[in-house]
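I opened this notebook to keep a record of what I looked up, entry by entry, for someone who has not met the structure before. Each entry takes up one topic and stays with it until the lookups are done.

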Amino acid sequence: MALLHRPGRPAPTGRPRRLARTTAALAATLALLPPLVAAGGASAQEVPAADVDVHVNTQAALGRLSDTARGVNAAVWDSHMNDPEVAALMKTADVGAMRYPGGSYADIYHWETHTAPGGYVAPGTGFDAFMGTVRATGAQPILIANYGSGTPEEAAGWVRYANVTKNYGAKYWEIGNEIYGNGHYGSGWEHDDHADKSPREYARQVRAYAAAMKAVDPTVKIGAVLTAPGNWPDGITGEGDPGDWNHTVLSQVTDVIDFVTVHWYAGGSDTSADTAMSRLTRLPGELREVRAQIDRYAGADSPRIGIALTEVNTNTGGAQLTARPNGLFAADAFMTALENGVFNVDWWNTHNGPGAITTVDGETDYGDMGMLASGACTGDVCQPAPNTPFHPYYGMKMTGELGTAGDTMVAAASSAQDLSAHAVHRRDGRLSVLLINKNPDAARTVDLAYAGFSPSAVAPEVSRYARGDSDITDVTDSGASASRVTVPPYGMLTVTLTPKPGTGSGASAAGTPGTPRLEAVTDTTARLSWAGTTGAARYLVQERDGAHTYLVGETTGTSVTLRNLPPGSTHTVNVLASDAAGRLAAPSDPLTFTTGTPADAACTVDYHRDTSWGNGFVATVSVRNLSDTPITGWTVDWDWPTDGQSVSSGWNATFHQSGRHVRVTAPENAGPLAPDGASTASFGFVGANDGPNPDPTVFRLNGTVCAGG
């Protein structure tokens with residue numbers, strides 16, 4: 001695959017560009033769950049009829065915002081990196097993390113000498129100067145130890161200087177940048193002096209770096225580099241490797257790392273930010289697959305290992321990077337990633353430099369991947385003064401209007417593809433909803449409805465960023481109500497509501513339960529446990545389906561076994577505590593788990609991916625009949641876990657796909673499948689994937705669920 005120029009990588013000139021539900025209804029307990037509320041509040045003006053419905057459910061927690069949730073990249077080649085205006089702007093936007101020393105420069109940068117052989121280092125960008133900006137911002141550093149041309153000893157020296165000599169308290173340390181781009185898979189933009197450039201060697205070195213760095217400061221968190229599922233080189237197995245990059249690395253390092261890092265650029269042949277916004281629908285599945293990979297190798301230790309999205313933007317080049325649609329993308333991308341299990345998202349970049357000059361939405365787009373202007377020129381077209389914010393800055397800043405560290409992200413669902421909705425239940429009981437209208441031509445009027453939250457009659461606070469706004473603007477008196485708002489074209493609104501007195505989780509005498517843990521799972525059952533809380537008379541377990549929740553378990557203790565689950569099915573659950581009066585407290589953080597297949601099944605199916613290349617793959621499937629009678633005229637069925645997976649062509653069988661469902665039929669002259677596993681039917685196919693490519697979880701032979709091979 002041909003690679004575009006990567007952000008943070010030196011440009012050719014040396015300057016960078018860059019449950020299933022239970023069948024038995026728990027009717028008495030359902031009465032405890034607040035009904036869906038479409039609440040009013042007097043409107044100062046008449047609002048148009050709604051054309052979008054948004055449902056917000058505060059009983060479906062998606063996790064809590066961390067103090068490092070919003071982050072930006074900083075680069076040693078950026079002469080404006082430590083301008084005082086940068087710290088002021090980032091503090092205003094509630095930025096909690098700043099990544100250094102700048103993408104691929106990390107693998108040529110030596111912190112002690114402040115040099116990057118083969119690259120440009122701007123004056124005034126050394127580590128201490130950077131930490132001055134970090135501290136002025138009120139943020140934490142995310143530091144990239146030099147893997148490409150460094151050593152574990154050099155990284156340990158940096159830890160010692162940062163945390164012992166200077167007492168900076170630098171917690172997060174990545175081992176290298178995009179090391180999978182070191183040429184091992186045929187394309188190389190990342191500097192790597194190691195003779196062995198395989199994922200096995202990277203994993204071995206991660207262990208050495210972690211040992212050396214934690215010997216200096218045992219509290220540091222070590223991060224290993226992964227590639228985003230569905231993005232090159234995911235799925236490619238190099239010569240002599242036991243598997244692709246992620247599986248090889250994770251199989252060797254989960255006991256010594258504390259987080260993993262992935263980068264995500266919307267990419268595609270269409271470089272428009274409008275297309276990028278639509279491609280964001282791939283990101284949740286890709287992040288779920290990263291977590292599934294960690295689960296596979298870390299087991300019960302998996303929840304300890306975090307995921308950081310340390311670079312994100314629309315594309316690795318092209319236009320529509322400083323324009324308004326990329327501001328919408330920034331807000332949507334930050335919240336989408338955070339809602340799907342990452343603790344940190346870092347925009348690429350703070351300042352990056354101009355590229356192709358175009359006109360987008362009536363404004364000049366400078367083709368710049370930075371949040372702030374650098375003041376540089378392309379030809380006779382120059383950017384605004386240094387540190388002038390571009391639209392992506394305001395997109396990130398708008399997410400700060402939505403919530404801050406410790407607040408709880410909750411489920412929100414929109415009925416329209418061109419309007420995104422995100423919601424945060426604040427620690428003080430208020431509820432904030434972010435609405436992003438990606439339609440450039442039409443305003444969208446939104447009916448808001450709530451579960452688990454009853455708005456007061458007080459008019460909501462409303463913040464807007466839309467055409468004509470030079471910053472996020474308070475429009476509380478615009479006529480918006482708790483039940484209906486209008487979002488301008490290519491605009492964003494954050495609506496913040498106060499709860500009706502005596503309602504909500506704050507009115508409960510119970511606290512918030514601990515995050516549920518999966519103690520045991522079979523094909524049809526799952527045993528969960530959690531840390532109890534004060535004031536709890538009983539606990540309710542709810543499954544989430546989008547923004548809706550369903551009661552699936554109830555207990556007075558702190559564990560429950562969920563039954564009658566379909567084999568191979570995935571479930572996301574929260575636990576809520578009810579006090580003696582039946583009032584529900586805030587939900588726990590979520591747990592997602594997948595049931596297995598029956599151990600005593602009458603058939604087995606072995607699904608094996610033979611080879612992959614990022615957006616395509618070849619798979620072989622083998623089927624055995626374990627029953628005591630032969631099977632003639634067999635069919636094999638499965639469902640793809642994600643929408644982007646499909647069968648392109650196949651052999652030794654007939655293939656039919658409808659939606660995610662695949663049915664494979666035996667060829668006409670096929671003999672019977674012998675009983676007791678005495679014969680095997682095998683077929684293969686070429687598949688395609690647009691995004692992540694997880695294996696199917698359950699296969700059926702003539703309708704019977706099979707065990708894995």
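**Entry 1: a helix and its length**

Before looking at a helix I noted how its expected span is worked out, namely as 1.5 Å times one less than its number of residues. I also noted that the model is a predicted one. I then turned to helix α10, which covers residues 391-402, and found that its 12 residues reach 17 Å from the first C-alpha to the last, close to the 16 Å expected.

Is α10 enclosed or open? I found that 11 of its 12 residues are buried, so the helix is largely enclosed by the rest of the structure. Among the buried residues I listed His391, Pro392, Tyr393, Tyr394 and Gly395, and the list also includes Lys397, Thr399 and Leu402. For my own reference I wrote down that an α-helix has 3.6 residues a turn, so residues three or four places apart point the same way.

**Entry 2: Met396**

I picked Met396, which lies in α10, and looked up its relative accessibility, which is 0%, so I entered Met396 as buried. Which residues does Met396 touch, leaving aside those up to four places away in sequence? I found Arg70, Gly71, Val72, Met90, Ala93 and Val95, together with Ala330, Phe334 and Met371. I also looked up a separation, and found that Met396 and Phe683 are 287 residues apart in sequence and 49 Å apart in space, taken from C-alpha to C-alpha.

**Entry 3: the disulfides**

How many disulfides does the structure hold? I found 2 of them, and when the bonded cysteines are numbered in sequence order the pairing reads 1-2, 3-4.

One disulfide joins Cys377 to Cys382, with the sulfur atoms 1.8 Å apart. The torsion about its S-S bond is about 95°, and I therefore entered the disulfide of Cys377 and Cys382 as right-handed. Cys377 is partly exposed at 39% relative accessibility, and Cys382 is likewise partly exposed, at 40%.

Another disulfide joins Cys603 to Cys706, with an S to S distance of 2.0 Å. Here the torsion about the S-S bond of Cys603 and Cys706 is about -95°, so this disulfide is left-handed. The pair links distant parts of the chain, since Cys603 sits in strand β29 (residues 603-612) and Cys706 in the loop between β37 (704-705) and β38 (707-708), 103 residues apart. Cys603 is buried, with a relative accessible area of 1%, and Cys706 is buried too, with 2%.

**Entry 4: salt bridges around Arg444**

I counted salt bridges next, and the count comes to 30. From these I followed Arg444, whose side chain meets that of Asp51 in a salt bridge with an N to O distance of 3.3 Å. Asp51 is in the loop between α1 (27-30) and β1 (52-64), whereas Arg444 is in strand β17 (residues 444-451), and the two are 393 residues apart, so that the pair links distant parts of the chain. Asp51 is partly exposed at 42% relative accessibility, while Arg444 is buried, with a relative accessible area of 13%.

Arg444 also forms a salt bridge with Asp418, and the closest N and O atoms of this pair are 2.4 Å apart. Asp418 lies in the loop between β14 (408-414) and β15 (419-425) and Arg444 in strand β17, so the pair ties together parts that are 26 residues apart in sequence.

**Entry 5: a network of salt bridges**

Which residues are linked in a network of salt bridges? I found Lys214, Asp258, Asp301 and Arg304. Within this group I looked up the salt bridge between the side chains of Asp301 and Arg304, where the N to O distance is 2.9 Å. Asp301 is partly exposed at 33% relative accessibility, and Arg304 is partly exposed as well, with a relative accessible area of 37%.

**Entry 6: Leu448**

I came back to strand β17 for one more residue, Leu448, which is found there. Leu448 is buried, with a relative accessible area of 2%. From C-alpha to C-alpha, Leu448 and Gly126 are 49 Å apart in space, and in sequence they are 322 residues apart.

How values were computed
Residues are numbered from 1 along each chain as its sequence is written. This is a predicted model: local features need pLDDT of at least 70, side-chain atom pairs count only at pLDDT 80 or more; totals for chains, interfaces and linings use all residues. Side-chain values use heavy atoms; hydrogens and water are left out. A disulfide is a pair of cysteine sulfur atoms within 2.5 Å. Buried means under 20% relative accessible area, exposed over 50%, partly exposed in between (1.4 Å probe, protein chains only). Helices (H or I, at least four residues) and strands (E, at least two) are DSSP runs, numbered from the N terminus. A salt bridge is a side-chain nitrogen of Lys or Arg within 4 Å of a carboxyl oxygen of Asp or Glu. Contact means heavy atoms within 4.5 Å.
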